[in-house]
Amino acid sequence: MAAQESRPALSFGLPALDAAVRGITDGHLVLVASPPGVGGSLLAIAAARQAALEEDRTVLYAAAAGLRREDVVARVVACHAGVSYQALRAGTLTGEHADAACQAQADLSQAALYIDDGADLDAQTITDSASEPWHEWGKPLSLVVVDRLQHRHAPHIALSGPALTAAVQELARLAAQSTVTVLVVMDSADPALLAELDAEVTLTLSRLGQAVRVDITARDLGPLSAVALHSDRTRARFLPLPEHYAQRLLADDTTTTDTPQLPPPAPAADTAVPAPDAPRPPHDPSPAGQRPPAAAPTVPEPAASPAPADPPTSPPPGAWPAALAPRPHPAPAAADGAPAPAAAASSQSGAGAGTAQDDVPEEQLPDQESPVGRFEYGPFAVLDGTGRAHLPSGAVLPCPATTVAELVAWAADRPFGSPRLRPHGRDGDPLIVLADEAVQALGLPAREDPEERALPADHPVIRDLSAHGWKFPLRGGRPWFSAWPRIYQPNTGKRRSVQLAILPWGALTTGGWPVPAAPDSRSPAVPVAELVRFLSAYSERVMTPVSSTASTGQELMAALRPPTRAFRDPTSGEVGPQWLDGALHVATEAAPPEVPPEHPLARGRDERDPAQVLMEEAQGWWRMPTDAERALPYVVGLDINMAFGAAANGTHLGTCAPYLLEHPRFDKKLAGCWLADLSGLDLDPRLPSPFTPTGTRPTGPAWYDTHTLAFAAELGLTPHPLQAWVRPTPAQAAALGLSAHPPVIDPHRPTAGPVPPFGAGAYLKPWYQRLNDAYLTTLERLGAVHDDAGRPLTPAAYLAAMDAMKDPRFQAEHAADLWVLAAIKSTVKGGIGKLRERPHDPGRRSGDPHAPWKALERPLWRPDIRAAIIARSRATMHRKIHATLQATGAHPLAVNTDCIVYACADPSILGLIGHRSGFTAGPNPGHVKQEGCQPMDWYVATAAQDINPARRIKDGATDTARDGK
């Protein structure tokens, strides 16, 4: 007992750091301030593991900001067992490493480590959990870990942004009142923020060459000491350094080029160690004469990466352990009876990608803590005409390249890129943006070929790249070097691929990108610094651009739902791809009603006959006002925020090829299109019909998406479909008695086996969630989400904030964020629209107007998904129109896609919102803002010209169809 009383309040299992924090006693809050990628979360794992597994204490681990219980468990197991975290998550541990993971899992199942997870965790929830009667469950609570606070506000994360100060104060009270140690990790080391949070003890982490420096500071005493640690991210842990090396690191100025190469600590068995005398590149790659001016911060070159070890040849794989399901109180990290790694491998359909224990693609830890230097330069660089590359951080890097071939090799060999968005996906390619002067300096023309919209195939730049082994995507059998060329080298042992964006060719001023162009030019009319700010914000919140906003939107879909994961066959031991449920695997044939007029299946079809064509399109409808409406002075427009994006959230979508049903029974849970007659439903003539794009009443059988028929059923009509093309889940297919289509083998992934014949689900949900977060984060920066006190804006305040964005001074001050906002909207619309991409060369198809085109070869050419999103969006809008009518008696005068116009006594939409099941004003997708207000006389005059007034209500003149509506 005496030894237990003398045990320190906080320990990490790292002697130097433990000695530095030994003076901390129970009842204190310790803040770990660590920028992303440095290792703050790994320090939290070390403290939790040491307390729970080594010291037999009770630990509550609050996993916030997107961390999940299984993420924490996998890190603890990797740290405790000393095995590869990537291989653990991929299920490819073998031999002694799988045994070590099993033993760590068994140890963890006996430990008192309890994990709460969820983005909605806030300080009060954590305090309530910590106040539970822990002594009744075994041992009293000893340590609370909060991983982590996010300094930038995210609407879906409670412990972020303005809430941090109050959260730290609440957690400090928890520590003092319960006499437990509270360890809180934050993703920033900003001195101003640290001063505002005013923690009793702060551990500030920073990179120190290949190591990490930890500075210990007390609120009352100031700086106390500093410790250097070795960062072993492969195994989700820190390791001690030999004392003389640590002291030398702390004493030396590591920004110079003579930083000593550290011999790493004794490695675990599954790590290859580079030779001690392996050469290390200098920090500054450029000759002295090429360095930028002193005023521009420069970026050092990274150290050489260790070579990967040979993959093991042991038999069956292991798998990472699973945590218990959530409980009313925090769940233990693991429990008796949890599946052993070997047994769990095949059941983890969402596990990370991997090919062998040390041969798996590099995976980001769930909080995106990358290996030091891996993406140190960021996702992109903007190259000016003076040989300088402007990085997202604001730093400037010398670029000695004088040809495009030298440029792509330079970019491919440096730490540019972005971490994968899913463990079984792939990292983002570097993006190099070429300004006008850089284009000229690299030997490219000022404009691409106007006929081909690309560089001529025989251009010297293409010949030079080909001579150096670089390749391009093909279009029409020729290299496609357009405004967004992707240049890659196959079969090099690792991915070498670079994306270029050529500004004078319109890379960021066309294709949905909102950056303004200079007069008589396609180049941006903005300084490089402003362009960097825009690209940095978009890349961070959405992803690194790859081409138009539409293409980027679809690339994001694929990145968030990769089709396969790496899997080791337990019998043969061979590694190959395995199909993932919920993804789009290969290009599939569409149903005949779904295809556009140019498709081979549309041959001989009457495009005007709704019984042959699925006409799920955005609605455009208007009418003349009644006498009572004519007496009102105003018309106001409600605009639905990101209407199609909101409709994509959770929409049940088919992921397989369609199956034909004759005279089926309608099922609103079955994804597909249905031939049915909805003409018998009587509606108020002052309302548009929700079943047709024009708002007119249907006249006979027509093809409708599931969501349209479901809304018809809500209105009282029982659908009796004549036919249906459906995409069922396996369970639905069994209930319908469907036989699978003949097996399909993807020639690019033959070892993956047949493509799943059935499948459906919320394919676009992660896509929506990421774009929703980006949208709300951007609106937050523009002042349209919360007030200065952190409270959500009232409807009136929100409308005022949106109206303020029209002010020229506001637009000048917030140009980059306004461009990001517009780009996010364009990414949503374009990504959905591209699901039904039509041919771009109708003039060249005169020989066969129904010849296939390139887009049909993509898994993401899915007109049925586009139709489902439009149908759901339109049905949701009409539900709110009906609810508003019941609450106010107001009928719409006009509809244009996501804009609804009403006659109104006031020049504001406030009287039309806030009703049960009706429209709500606010920043969220699916909520509304005011599109515009015009006099009633204007409406009558516009409608008399046979023009939909909803298209022009924004300013009375501009047709919003030009903006994609």
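This report walks through the sheets, salt bridges, cysteines and confidence of one protein chain.

**How far to trust the model**

The structure you are looking at is a predicted model. Across the protein chain the mean pLDDT is 84, and 84% of the residues reach 70 or more. Two stretches deserve some care as you browse. Residues 1-5 have pLDDT under 50, and the model gives them zero contacts beyond four places in sequence. Residues 334-373 also have pLDDT below 50, yet this stretch has 128 contacts in the model beyond near neighbours in sequence. A word of caution fits here: where pLDDT is low, the predicted coordinates should not be read in detail.

**A hairpin to start with**

A good place to begin is the hairpin made by β8 and β9, which has four residues between its strands. Strand β8 covers residues 222-232 and strand β9 covers residues 237-240; they run antiparallel and are joined by four bridges. One pairing you can look up directly is D232 with its bridge partner R237 in β9. In the turn, A236 has a positive phi of about 55°.

**The six-stranded sheet**

Next comes an open sheet of six strands, in the order β13-β12-β11-β14-β18-β17, with mixed pairing. Its edge strands are β13 (396-398) and β17 (486-489), each of which pairs on one side only. On average, neighbouring strands of this sheet are turned by 30° against each other, direction ignored.

At one end of the order, β17 runs antiparallel to strand β18 (residues 496-502), and four bridges join the two. Within this pair, I487 stands opposite V498 in β18. Two helices accompany the sheet. Helix α15 (residues 528-541) packs on it, touching β11, β12 and β14, and the direction of α15 makes about 165° with that of β11. Helix α12 (residues 404-412) lies across β11 (380-383), β12 (388-390), β13, β14 (431-434), β17 and β18, and runs at about 120° to β18.

**The four-stranded sheet**

Further along the chain, four strands form another open sheet, in the order β24-β27-β25-β26, with antiparallel pairing. Here the edge strands are β24 (659-662) and β26 (701-705), and each pairs on one side only. Neighbouring strands of this sheet are turned by 20° against each other on average, direction ignored.

Strand β24 pairs with strand β27 (residues 723-726) in the antiparallel sense over four bridges. To find a matched pair, look for Y659, whose bridge partner in β27 is V726. Helix α19 (residues 706-714) lies across β25 (672-677) and β26, running at about 105° to β26.

**Salt bridges**

How many salt bridges does a search of the whole structure find? The count is 46. Three of them are set out here.

| Salt bridge | N to O distance |
|---|---|
| E55 and R57 | 2.7 Å |
| R496 and D413 | 2.5 Å |
| K854 and E857 | 3.3 Å |

The surroundings of these pairs are worth a look. E55 counts as buried because its relative accessibility is 14%, and R57 is buried too, with a relative accessible area of 5%.

What does the pair of R496 and D413 tie together? R496 lies in strand β18 and D413 in the loop between α12 and β14, so the pair links parts that are 83 residues apart in sequence. R496 is buried, with a relative accessible area of 13%, whereas D413 counts as partly exposed at 47% relative accessibility.

With K854 and E857 we come to exposed residues: K854 has a relative accessible area of 56%, and E857 counts as exposed at 54% relative accessibility.

Salt bridges can also join into a network, as they do for R68, E70, D71 and R89.

**Cysteines**

A disulfide is a covalent bond between the sulfur atoms of two cysteines. In this model, with sulfur atoms required to lie within 2.5 Å, the count comes to zero disulfides. Is C673 buried or exposed? C673 counts as buried, because its relative accessibility is 1%. C102, at 28% relative accessibility, counts as partly exposed.

Conventions:
Residues numbered from 1 in each chain as written. Predicted model: local features only at pLDDT ≥ 70, side-chain atom pairs only at ≥ 80, totals over all residues. Heavy atoms only, no water. Pairing = 2+ DSSP bridges. Axes fitted to C-alpha atoms, helices over the stretch in contact; angles between N-to-C directions. Contact = heavy atoms within 4.5 Å. Buried < 20%, exposed > 50% of the residue type's maximum accessible area, 1.4 Å probe, protein only. Salt bridge = Lys/Arg side-chain N within 4 Å of Asp/Glu carboxyl O. pLDDT = per-residue confidence, 0-100.
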